[in-house]
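Have the sequence and the 3D view ready, and let us take a walk through this structure together. We will start at a metal site and work outwards from there.

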Amino acid sequence: MRDVEPFVEGFHLDIMDGVFVPNISYGPVVVEAVRRVTSLPLHCHLMITSPAKYVAAFRAAGADSILVHIETLESPEEVFAAIRASGASVGLTLNPETPIQRALPWLPSIDELLIMSVHPGFGGQAFQPESLERVRLAAAHRDRAGRPVRISIDGGIGPENARRVIAAGADILVAGTSVFRAPNRREAVEAMRRGA
Ligand code: ZN
């Protein structure tokens, strides 16, 4: 992890509960351990049911932003308010099969919209090309939000598609496998930047 720190803007931590997604990863204790070894922003992507219950724990562990799934929220506004009150940035995300229209009304309440370009739960999946249209649609609507909303994309991102997702309007590329399995991690990141 430390080896990539000089050439990335932050760390995206995938939190999985084995219920909302079929896999289990880690919780606040590991986030806290990561917090101790980097000063870069930590983005906690909560792929968990009842995320509101854990906002305080992840913030206390060192999360700079907390991203929650629209599919898990009964009262989105309350959860966004809780994240904001904790001091973290507010991120909203949605699975590939969830209509993007479900997220658009919340743009004025969030700082970041994360578009999943694979079904969440496992690394190493292929990028779903339909995601590009979802990024374009979100980018077309964000100007109406009245606040700066970053668009990020997560899943199957690498040098081969970076140019297309950036052109579609993505501000933040979340990459795991394509960096950590690359023979030269710096070169993998630089290749994605060149995509711009
Ligand atoms: Zn993620």
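The paragraphs below go from the metal site to a strand, then to the nonpolar cores and a loop.

Please keep in mind that this is a predicted model. A good place to begin is the zinc ion. Which residues coordinate the zinc ion? The donors are H12 through NE2, D14 through OD, H45 through ND1 and D154 through OD, at 2.0 to 2.1 Å. Along the chain, these donors follow the spacing H-x1-D-x30-H-x108-D. The zinc ion thereby links distant parts of the chain: H45 sits in strand β2 (residues 42-47) and D154 in strand β6 (residues 150-154), 109 residues apart. Both of these donors are tucked away from the surface, with H45 buried at a relative accessible area of 0% and D154 buried at 7%.

Now look at the geometry. Ideal angles for four tetrahedral donors at a metal are 109.5 degrees. Here the angles among the four donor atoms span 94 to 158°. To count as tetrahedral, all angles would have to lie between 85 and 135 degrees, and the site of the zinc ion is classed as irregular.

From D154 we can step into the rest of β6. Why is this strand described as largely enclosed by the rest of the structure? Four of the five residues of β6 are buried, so the strand earns that description. Its partners are easy to trace. Strand β5 (residues 112-116) runs parallel to β6 and is joined to it by five bridges, and within that pairing M116 has D154 as its bridge partner. Strand β7 (residues 172-174) also runs parallel to β6, with three bridges joining the two; here the bridge partner of D154 is V174. The zinc donor D154 thus has bridge partners in β5 and in β7.

The connections between these strands are worth following by eye. β5, α4 and β6 form a right-handed β-α-β unit. Going on from β6, the chain passes through helix α5 (residues 162-168) to reach β7, and this β-α-β crossover is right-handed.

Within β6, pause at I153. This residue is buried, with a relative accessible area of 0%. Leaving aside neighbours within four places in sequence, I153 is in contact with a set of residues including L114, I115, F127, V135, V165, I172 and V174. For a sense of distance, the C-alpha atoms of I153 and V90 are separated by 15 Å, and the two residues are 63 apart along the chain.

Next comes the nonpolar interior. The largest nonpolar core holds 51 residues, and I66, V68, L92 and L113 have the most contacts inside it. Helix α4 (residues 131-142) provides the largest share of this core, with four residues. Try selecting L113: beyond residues up to four places away in sequence, L113 touches L92, L94, I100, A103 and L107, among others, as well as A138, V149 and I151. A second, separate core has five residues, among them L67, L114, M116 and V118.

To finish, move to N184, in the loop between α6 (177-180) and α7 (185-194). Is N184 buried or partly exposed? With a relative accessible area of 44%, N184 is partly exposed. The C-alpha atoms of N184 and P108 are separated by 39 Å, and these residues are 76 apart along the chain.

Conventions:
Residues numbered from 1 in each chain as written. Predicted model: local features only at pLDDT ≥ 70, side-chain atom pairs only at ≥ 80, totals over all residues. Heavy atoms only, no water. Donors = N, O, S within 2.8 Å, 3.2 Å for Na, K, Ca; no water. Tetrahedral: all angles 85-135°; square planar, octahedral: opposite > 155°, others 65-115°. Buried < 20%, exposed > 50% of the residue type's maximum accessible area, 1.4 Å probe, protein only. Core = buried A, V, L, I, M, F, W, Y, C linked by side-chain atoms within 4.5 Å. Contact = heavy atoms within 4.5 Å. Pairing = 2+ DSSP bridges. Right-handed = clockwise from strand over helix to strand, strands pointing away.
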